[in-house]
Amino acid sequence: MKGLGVSPGIGIGKAFVIEKKSLDIKKIYVNDAEKEIDRLRNAVELGRSQLNELYAKTLKEVGEKEAQIFKSHEMMLEDDTFISEIESKIRNEKVNAEYSVKEVSNHYIKMFNNIEDEYLRERSEDIKDVTVRVIKILLGIRTADYSKLNKDSILVAEDLTPSDTAQLEKGKIAAMITEMGGKTSHAAIIARIMGIPTVVGLDDITQKIKSNDVVICDGKTGKVLINPNQKQLAYYTQKKTRLEEISNELRKQVGLPTITKDGFKVTLAANIGTPHDVDMILENDAEGIGLFRSEFIFMNRECQPSEDEQFEEYKEVLQKMGDKPVIIRTLDIGGDKNVPYFDIPKEMNPFLGYRAIRLCLGNVDVFRTQLRAILRASVYGNLKIMFPMISTMKELRDSKKVLEKAKEELNNKGIPFNNDIEVGIMIEIPSAAIISDLLAKEVDFFSIGTNDLIQYTLAVDRLNSKLSHLYSQYHPAMLRLIKGIIDNAHKAGIWVGMCGEAAGDPKLIPIFLGMGLDEFSMNSPSILSSRYIIRNLNKDEMEKIAESTLNMETAVEVEGYLSCLFADESESYLKRCKTRSRN
Ligand code: PEP
Ligand code: MG
């Protein structure tokens with residue numbers, strides 16, 4: 001079976017299948033209301049015991065504060081008023097239990113949403129959570145329990161949200177396989193950051209694989225084997241060992257400067273989602289953080305992190321990074337990154353919708369709070385701010401005004417911050433790329449976000465596995481656009497980096513180097529191999545090669561040409577590494 005390999009590496013282990021069904025709640029009239037009430041009581045009882053187990057486990061493994069949430073959910077299911085209201089609805093209207101749970105909880109959610117007090121208002125999220133748990137039990141839908149995963153598990157699911165993936169722990173899972181998703185879906189990006197081999201786009205895989213089947217997953221080729229024979233098992237076990245050998249060889253790149261043979265120096269930075277990722281990027285010798293996707297600290301929680309909480313997270317990253325540059329990108333919620341408490345209305349085209357800077361400029365309080373937290377952290381290291389999804393000059397100017405306001409607020413309170421903090425923008429929307437000559441005059445740097453730039457330029461949804469053949473970083477339109485952005489930045493005297501996934505593509509690194517890109521920011525597992533590549537190239541020669549790709553006609557032609565020049569077959573790579581280390 002073959003899907004789309006989105007995070008390289010070989011995973012061999014036992015399947016852990018998550019069946020995902022939608023919560024389709026219909027109103028059904030029932031004859032026997034008492035029987036329905038019994039169903040409800042059993043579901044509530046089971047919900048309580050699940051919550052009790054979660055409380056005990058979290059208390060033991062994480063801590064009292066984190067465990068408390070499950071206690072409060074359990075208490076909600078012990079609330080007589082809430083439960084008897086649901087029972088009365090079943091009895092009086094003779095309707096099914098799941099519908100009654102939904103209706104009664106919706107009433108409470110609305111009531112809490114209208115309360116002035118912020119703390120009480122946020123309790124509506126708890127009601128939603130508890131309600132979903134009970135409804136799932138009533139509908140017979142199992143809730144995924146990631147704690148049952150062990151390091152030899154292969155996670156198989158219809159789809160994984162970025163917040164699902166962020167809950168996984170590095171080293172606790174062998175591979176992931178999903179039906180949906182594209183190469184630059186955020187779940188795939190997190191998988192690459194964590195170094196988890198992943199294959200997406202395999203139709204009905206949750207039906208084809210059963211829990212406990214032995215599965216091999218090749219995250220590079222996209223191959224998935226269910227219950228393989230001895231020969232296949234031996235072949236992939238050996239391949240896995242070879243990859244580990246390559247990764248050990250590459251450790252020799254640690255501490256070396258990222259400089260071409262003819263002396264052109266670039267910055268090799270890393271992308272992170274949370275402060276937890278910093279240890280791994282330092283292990284891989286990142287020279288800075290080119291993209292801190294700050295929205296991940298807003299996920300998997302009940303309400304927005306306060307200014308102080310955000311400050312602590314940013315400060316932790318800066319302190320760990322010492323004097324290395326750290327670019328914090330302001331909140332980029334929306335698209336495939338949903339955060340329930342922001343209540344983003346359902347949209348027909350979320351990636352073209354109310355996301356990132358648009359959402360921040362529409363919620364200036366949220367935006368200013370984040371900017372204050374970032375500014376306060378700026379005294380602890382070399383911090384830069386970056387705005388995502390800029391599509392017009394007005395958005396950039398409005399964002400800078402909000403930043404000025406945040407600075408003024410801190411000044412009024414006498415709180416220190418770096419007043420000369422560098423401000424940059426992501427170039428990830430074609431309109432911004434086209435007016436990059438103008439935008440460059442008003443910022444300190446650009447970072448090219450190829451993940452979105454490709455989807456918007458080529459009109460291909462980055463999540464849609466059916467369109468993955470059209471979503472290509474090798475499209476000549478992309479290369480021309482990127483060349484134009486780099487030239488415009490340099491003409492205005494600013495530096496330009498890239499933090500989209502293309503920055504870590506071994507075939508494109510030589511091309512971007514030839515175009516004059518100053519900074520490459522990628523997932524940490526790619527850093528050392530990228531340094532190896534750059535140190536073995538001549539910038540001069542790459543300029544000519546980059547120039548010739550600009551005249552090519554198709555993505556296939558570009559990719560074919562680059563594959564011939566810069567093939568990174570692991571075997572020959574290992575040989576080259578070994579030869580070099582002998583010399
Ligand atoms: C991008 O679009 O290239 C990018 C880096 O941002 P994100 O993947 O978070 O949308
Ligand atoms: Mg983006």
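1. In this predicted model, an oxygen atom of ligand 1 is 2.8 Å from an N or O atom in the side chain of Arg329. The backbone contributes as well: a backbone N or O atom of Asn451 lies 2.8 Å from an oxygen atom of the ligand, and for a backbone N or O atom of Gly449 the corresponding distance is 3.3 Å. On its own, ligand 1 has 290 Å² of accessible area, and the protein covers 100% of that area.

2. The surroundings of ligand 1 deserve a fuller description. The ligand is surrounded by 17 residues. The closest of them are His186, Arg293, Arg329, Asn451 and Arg462. Two of these names, Arg329 and Asn451, have already appeared in the first point.

3. Which residues supply the protein donors of the magnesium ion, ligand 2? They are Glu428, through OE, and Asp452, through OD, and they lie 2.0 to 2.1 Å from the ion. The pair links distant parts of the chain, with the two positions 24 residues apart in sequence. Glu428 is in the loop between β12 (422-427) and α15 (430-434), whereas Asp452 belongs to helix α17 (residues 450-458). Both Glu428 and Asp452 are buried.

4. Ser100 is placed in helix α4 (residues 97-113). Is Ser100 buried or exposed? Ser100 is buried, because its relative accessible area is 0%, and the cut-off for a buried residue is under 20%. A polar atom of the Ser100 side chain lies 2.9 Å from the backbone oxygen of Asn96. If neighbours within four places in sequence are left aside, Ser100 is in contact with Ile86, Lys89, Ile90 and Val95.

5. Leu149 is found in a loop, the one between α5 (118-139) and β3 (153-157). Its relative accessibility is 9%, and therefore Leu149 counts as buried. Beyond the neighbours within four places in sequence, Leu149 is in contact with Phe16, Leu155, Leu168, Lys172 and Ile173. One of these partners, Lys172, is 23 residues from Leu149 along the chain, and the C-alpha atoms of the two residues are separated by 6.9 Å.

6. Asp277 also lies in a loop, between β8 (267-272) and α10 (278-283). With a relative accessible area of 17%, Asp277 is buried. Apart from neighbours within four places in sequence, Asp277 is in contact with Ile193 and Ile272. Asp277 and Gln50 are 227 residues apart in sequence, and their C-alpha atoms are 31 Å apart in space.

7. How many disulfides does the structure hold? The number is zero. Cys303, for example, is in no disulfide, and the nearest cysteine sulfur, that of Cys360, is 17 Å away. A further cysteine, Cys217, is buried, with a relative accessible area of 0%. For orientation, a disulfide is a covalent bond between the sulfur atoms of two cysteines.

8. The last point concerns helix α20 (residues 527-535). Why is α20 described as largely enclosed by the rest of the structure? The reason is that eight of its nine residues are buried. The buried residues of α20 are Ile527, Leu528, Ser529, Ser530, Arg531, Tyr532, Ile533 and Ile534.

Methods:
Residues numbered from 1 in each chain as written. Chains lettered and ligands numbered in written order. Predicted model: local features only at pLDDT ≥ 70, side-chain atom pairs only at ≥ 80, totals over all residues. Heavy atoms only, no water. Donors = N, O, S within 2.8 Å, 3.2 Å for Na, K, Ca; no water. Helix = DSSP H or I, 4+ residues; strand = E, 2+ residues; numbered from the N terminus. Buried < 20%, exposed > 50% of the residue type's maximum accessible area, 1.4 Å probe, protein only. Contact = heavy atoms within 4.5 Å. Near = heavy atom within 4 Å. Polar contact = N/O pair within 3.5 Å; in protein donor to acceptor, adjacent residues only side chain to side chain. Areas by Shrake-Rupley, 256 points an atom, 1.4 Å probe, with all protein chains shown as cover. Disulfide = S-S within 2.5 Å.
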